[in-house]
Amino acid sequence: MNFSNLSFPDAPLIRTPPPGPKSKEYLDYQSLHESSAVSYPKAMPMAIRRAKGATVEDVDGNIYIDFFGGAGVMNVGHSNPEVIEAAEKQLGNLTHSLDVPNPARGSLVKTLLSFLPAPLNRVFFGGPTGSDAVEAAVKLAKYNTRRIPLIAFEGAYHGMSSGALSISSGLSFKEDFLPLLPEVHFVPYAYCYRCAFEKKPESCDLDCAKYLGHILDDPHSGVGKPAAVIVEAIQGEGGSIVPPEQFIPEIREICNKYDVLMIIDEIQAGFCRTGKMFAFEHTGTMPDILTMSKALGGVGFPISCTAFRESLDTWPAGKHIGTFRGNVLAYTAGNVALNFMVKNNLAEYALNLGQVMLSWLKEIEKDSKIVGEVRGKGLMLGVEFVKDKASKEPAPDLTKKVRRACHQHGLLIEIGGHYSNVARFLPPLILTEELALKGIEIFEDAIREAERSL
Ligand SMILES: Cc1ncc(COP(=O)(O)O)c(C=O)c1O
């Protein structure tokens, strides 16, 4: 597969160290007039002029290799020409329809249903963000079970609206707004590098998953019978954490045993990123409810969707509504993007390129004093930075330094993880091996620079 014509030919290209003078003007204007809650421009200071494939150009003419992908949205690449052509055609016809059927919506539903495993044969479009799909999934679970408690995982990120925030674990996001939803409980995810039970993967018996069984079983666990367990098949913001193969199936079995619904959140991992259409498909597990967003909008048109078993479709008209219940441009773009993914076998491409990148990163891990672990699946990769490999003390400041140096030299990356110490890669899946290698070289140089600063 040759995707090189989808990106700018000369990336990376740094003409002026970012932020250059034109970027500075935009950034200054933004900080004067927009809220201090704006965050990405503080981490990657620049203003963007345009973007193509796996490359982004700022207003000063610097061109970056994009390992960030608009936070995992741009699976088919920025400005994907097939998607843009279809969206442009749609633009003059119809752009807003609430949930009234139209050809674009019908086509997307048909395409989605052709990829979704058969039991998930009902789809529902709510508000345009991933958080809203999570809200809908939780409401659907509560409505069907008539139960209130929810169980989520340490390291989980499900969004920023109050319900989604309640089941997200990062305290810095939520501690100023408590209390949120009542009766939300967190259990350990299979984060084997920092195992909550201090076990080694080779000697553990999935103690973390078993602990979920324990709290559902023990009448003195203090946890009421939940409506649902919500889990990411591969954790994203938590630090690109790939659990052992049996973890998700074990959670499924426990949910079955205790008659609890299982929601799998594929908002970040879905749409070919990890080597399958959905990450849960690696595990042979079937959720009861699935959440999707991000890459579903093709090239960043906002849309989210839940899919679930028909038997759960018990709620009446209007139980979860919003003005922007789907978006016609996003239906069109999403439909073309999904077909592009399949036609170009992007799942397999992402899996293979991810393996190559992981092997380069593992070489870096070997000689680096600050790379604690590299991990990931497909093009959802993470590099966890520590001050010391033996103590595993997290190194968030070094991680920030690495990101800053990457930006200076033409590579965009994300940061996540429990301690904000994981460099995360979520590139467009049409990244070429050549750009991947150039990006990893910039990343390695940034690590060496951070090591020299110790
Ligand atoms: C797994 C997961 N769920 C939910 C969300 C929330 O999506 P949004 O930011 O569109 O509300 C995100 C966002 O990063 C996510 O990664």
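# Strands, core and ligand shell

Biologist: Which residue of E10 stands opposite Thr291?

Modeller: This is a predicted model, by the way. Strand E9 covers residues 289-292 and pairs with E10 in the antiparallel sense, over four bridges. Within E10, the residue standing opposite Thr291 is Thr306.

Biologist: And on the E4 side, which residue of E10 does Val123 stand opposite?

Modeller: Strand E4 (residues 122-124) runs antiparallel to E10, and three bridges join them. Opposite Val123 in E10 stands Ala307.

Biologist: Which residues of E10 lie on the side away from Cys305 and Ala307?

Modeller: In a regular strand, side chains alternate between the two faces of the sheet. E10 spans residues 305-308, with both of its faces covered. Cys305 and Ala307 are buried on one side, and buried on the other are Thr306 and Phe308.

Biologist: Over to E8: which residue is the bridge partner of Val229 there?

Modeller: Strand E7 (residues 228-231) pairs with E8 in the parallel sense, and there are four bridges between them. For Val229, the bridge partner in E8 is Met262.

Biologist: How many residues of E8 are buried?

Modeller: Take the two directions in turn. Leu261, Ile263 and Asp265 point one way from E8, Met262 and Ile264 point the other way, and all are buried. For strand E8 (residues 261-265), then, the buried count is five of five.

Biologist: What do the buried residues of H10 pack against?

Modeller: Helix H10 runs over residues 247-257, and its buried residues are Phe247, Ile248, Glu250, Ile251, Arg252, Ile254 and Cys255. Just after H10, Asp259 takes a positive phi of about 55°. The packing partners of the buried H10 residues are helix H9 (207-217), E7 and E8.

Biologist: Which helix gives the largest share of the largest nonpolar core?

Modeller: The largest nonpolar core has 140 residues, and Ala228, Ile251 and Ala333 are those with the most contacts inside it. Its largest share is 10 residues, and they come from helix H11 (residues 328-343). At least three residues of this core are drawn from each of domain 1 (1-62) and domain 2 (82-343). So to name the helix: residues 328-343 are H11.

Biologist: How far apart are the C-alpha centres of domain 1 and domain 2?

Modeller: The domain assignment gives the protein domain 1 at 1-62 and domain 2 at 82-343. Between their C-alpha centres the separation is 31 Å.

Biologist: Leaving aside neighbours within four places in sequence, which residues is Ala333 in contact with?

Modeller: Ala333 is one of the residues with the most contacts inside the largest nonpolar core. Setting those sequence neighbours aside, its contacts are Val83, Ala86, Ala87, Gly297, Gly298, Val299 and Phe301.

Biologist: Is Glu85 buried or exposed?

Modeller: Glu85 is found in helix H4 (residues 81-91). From Val138, 53 residues away along the chain, its C-alpha atom is separated by 36 Å. Glu85 has 11 other C-beta atoms within 10 Å, so the verdict is exposed.

Biologist: Now the ligand: which helix supplies the largest share of its shell?

Modeller: There are 15 residues around the ligand, the closest being Thr129, Gly130, Ser131, Gly159 and Gln268. By type, the shell has four nonpolar, eight polar and three charged residues. The largest share is three residues, from the helix at residues 130-145, H6.

Biologist: Any odd backbone? What is omega for the bond joining Ala11 and Pro12?

Modeller: Most peptide bonds are trans. Pro12 sits in the segment before helix H1 (21-33), and Pro19 is also found before H1. A cis peptide bond joins Pro18 and Pro19, with omega of about 0°. The bond joining Ala11 and Pro12 is cis too, with omega about -5°.

Biologist: How many C-beta neighbours inside 10 Å does Glu183 have?

Modeller: Glu183 lies in the loop between helix H8 (171-174) and strand E6 (184-187). Its phi is near 60°, a positive value in a residue other than glycine. Glu183 counts as partly exposed because its C-beta neighbours inside 10 Å number 14.

Biologist: What value is phi of Lys392 near?

Modeller: Lys392 lies in the loop between strand E12 (380-385) and helix H13 (396-409). With 16 other C-beta atoms within 10 Å, Lys392 is partly exposed. Most residues other than glycine have a negative phi. For Lys392 phi is positive, near 60°.

Terms used. Residues numbered from 1 in each chain as written. Predicted model: local features only at pLDDT ≥ 70, side-chain atom pairs only at ≥ 80, totals over all residues. Near = placed C-beta within 6 Å. Helix = DSSP H or I, 4+ residues; strand = E, 2+ residues; numbered from the N terminus. Nonpolar A, V, L, I, M, F, W, Y, C, P; charged D, E, K, R; others polar. Domains from an automatic or database assignment. Core = buried A, V, L, I, M, F, W, Y, C linked by C-beta atoms within 7 Å. Buried ≥ 20, exposed ≤ 12 C-beta atoms within 10 Å, placed from the backbone. Contact = placed C-beta atoms within 7 Å. Pairing = 2+ DSSP bridges.
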